[in-house]
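Reader: I would like to go through this structure feature by feature. Please give the general idea each time and then the case at hand.

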Amino acid sequence: MTEIIVVTSGKGGVGKTTTSASIACGLASRGKRVAVIDFDIGLRNLDLIMGCERRVVYDFVNVINGECTLKQALIKDKRLETLFVLAASQTRDKDALSAEGVERVLNELRAEGFDYVLCDSPAGIEKGAHLAMYFADRAIVVVNPEVSSVRDSDRILGLLASKTRIAEGGSGRVQEHLLLTRYSPRRVAAGEMMGVDDVKEILGLDVVGVIPESTDVLSASNAGTPVILNAESDVSRAYHDAVSRLLGETVPLRFIEEPKRGFFARLFGG
Amino acid sequence: MGLLDIFRRQPPSAQVAKERLRIIVAQERGARGGPDYLPLLRRELLEVIRKYVNVDPEAVVINLERDQGQEVLELTVALPDKIQGAKNATAAGAKP
């Protein structure tokens, strides 16, 4: 049974690709067979975050157009045995993706026995974003605790509830999860940033993860190593927790409170 | 910063954000779910009605209610009272 998960947000720059890469790695590190697909046609980026940009020969659109086989286009990850990347095309043709084409590729991935297919959605609500979510069983909605991101996410929730195959078929709904990124417990404590509960209340969603703001995210993308693979980082721990929750485990939220600073730390700063 | 400002603190910005979002999200959710043609339908109805009565753009309210598989399209037009209406009609007539 293959589960299709879309990673979406509406707003750009909130961490969709970082999240797609890390969740894909997290699932694969637990032995799941995972394919992660970049739906951002024209603006390929997942390959860079995954560190496989120099190994892209064929892409998603090549597969859809029958210019290569799916096997030829799937890039096997060098770190995790069961992880594969399907890169976005750099074409400027907006109509390169078709619903039939996407469905065909997803069906082929199903037939190949993948456990999870992650669809990394482009920003916006155009065709790429629409097709990334259309066939999804579940959705990870990536949100920054910031007004425009929250509002755009709510818009995306409206689309998930109406413009997906599950919703159109009337057979149920896409299971939605909230993933907060760039969370700063210090700023939340100071009343400068909305907290988990605030965003949860506004959007009415289950929280699958809270990823703390960290310099580790940029370092990871600089290196082309998904941040979840940096075992030293709280960001990695937070993503691993999110993966556990996706797999149905109950894990308490971490990194949502400012760490208590000891007397000396407070005295000397740092 | 004056001493009194301590007591006149603004609410924390996160709280302001939450309040603003609560309102706009509720409003946008209310408009959602209906068929895409609703806004256009509203505009065209308004144009037709305006041929006969000069109503305010806000006077036409369209509601779509779903009840156990049955959909009811409810249309409310608040007609202006006569004198006001005549006034508005002249005012509107003066415009190109």
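**Reading the two chains**

Author: Chain B has 3 helices and 2 strands. The model is a predicted one.

Reader: In what order do the elements of chain B run from the N terminus on?

Author: The order in chain B is α-α-β-β-α. Chain A, for its part, has 13 helices and 8 strands.

Reader: How should I read the overall dimensions of chain A?

Author: Start with the radius of gyration and set it against the rule for a globule. For 270 residues, a compact globule would have a value near 18 Å, and chain A has 18 Å, so the two agree. The spans of the C-alpha trace add the proportions: along the principal axes of chain A they are about 65 × 40 × 35 Å.

Reader: What share of the residues is buried in chain A, and what share in chain B?

Author: A residue is called buried when its relative accessible area is under 20%. In chain A, 53% of the 270 residues are buried. In chain B, 15% of the 96 residues count as buried.

Reader: And the contacts between residues distant in sequence?

Author: Take the contacts with a separation of 6 or more and ask how many of them join residues 24 or more positions apart. For chain A that share is 74%. For chain B the share is 34%.

Reader: What do the exposed surfaces consist of?

Author: Here one looks at the total area and at the part supplied by carbon and sulfur atoms. Chain A exposes about 12,200 Å², with 48% of it from carbon and sulfur. Chain B exposes about 8,100 Å², and carbon and sulfur supply 56% of that.

Reader: How far apart are the mean positions of the positive and negative charges of chain A?

Author: They are 2 Å apart, taken over 33 positive and 37 negative charges.

Reader: How do I read the interface?

Author: Count the residues on each side, then look at the area. In chain B, 14 residues are in contact with 16 residues of chain A. The two chains bury about 1,300 Å² between them, and carbon and sulfur atoms account for 54% of this. On the chain B side, Lys18(B), Leu21(B) and Arg32(B) lose the most area to chain A, together 40% of what that side buries.

Reader: Is Ile37(A) buried or exposed?

Author: Ile37(A) is buried, with a relative accessible area of 0%. This residue lies in strand β2, residues 34–38 of chain A. Leaving aside neighbours within four places in sequence, the contacts of Ile37(A) include Leu46(A), Phe60(A), Leu86(A), Val117(A) and Asp120(A). A separation in sequence can also be set beside one in space: Ile37(A) and Arg254(A) are 217 residues apart along the chain and 29 Å apart, C-alpha to C-alpha.

Reader: Which residues does Ala167(A) touch, not counting those up to four places away in sequence?

Author: Ala167(A) touches Leu160(A), Ala161(A), Ser162(A) and Gly172(A). Ala167(A) is part of helix α8, residues 165–169 of chain A. Between Ala167(A) and Leu247(A) there are 23 Å, C-alpha to C-alpha, at 80 residues apart in sequence.

Reader: What about backbone angles?

Author: Look for a positive phi in a residue other than glycine. Arg182(A) has one, near 55 degrees. Arg182(A) sits in strand β7, residues 175–183, and is partly exposed, with a relative accessible area of 42%. Phe255(A) is not a glycine either, and has a positive phi of about 60 degrees. Phe255(A) belongs to the loop between α12 (234–246) and α13 (263–268) of chain A.

Technical notes: Residues are numbered from 1 along each chain as its sequence is written. Chains are lettered from A and ligands numbered from 1 in the order in which they are written. This is a predicted model: local features need pLDDT of at least 70, side-chain atom pairs count only at pLDDT 80 or more; totals for chains, interfaces and linings use all residues. Side-chain values use heavy atoms; hydrogens and water are left out. Helices (H or I, at least four residues) and strands (E, at least two) are DSSP runs, numbered from the N terminus. The radius of gyration is taken over C-alpha atoms; the globule rule is 2.2 Å times the number of residues to the power 0.38. Buried means under 20% relative accessible area, exposed over 50%, partly exposed in between (1.4 Å probe, protein chains only). Contact means heavy atoms within 4.5 Å. Accessible areas come from the Shrake-Rupley method with a 1.4 Å probe; for residues, only the protein chains shown count as cover. Lys and Arg count as positive and Asp and Glu as negative; His and the chain ends are not counted. The place of a charge is taken as NZ of Lys, CZ of Arg, CG of Asp or CD of Glu. Buried area is the accessible area (1.4 Å probe) that two parts lose on being put together, summed over both.
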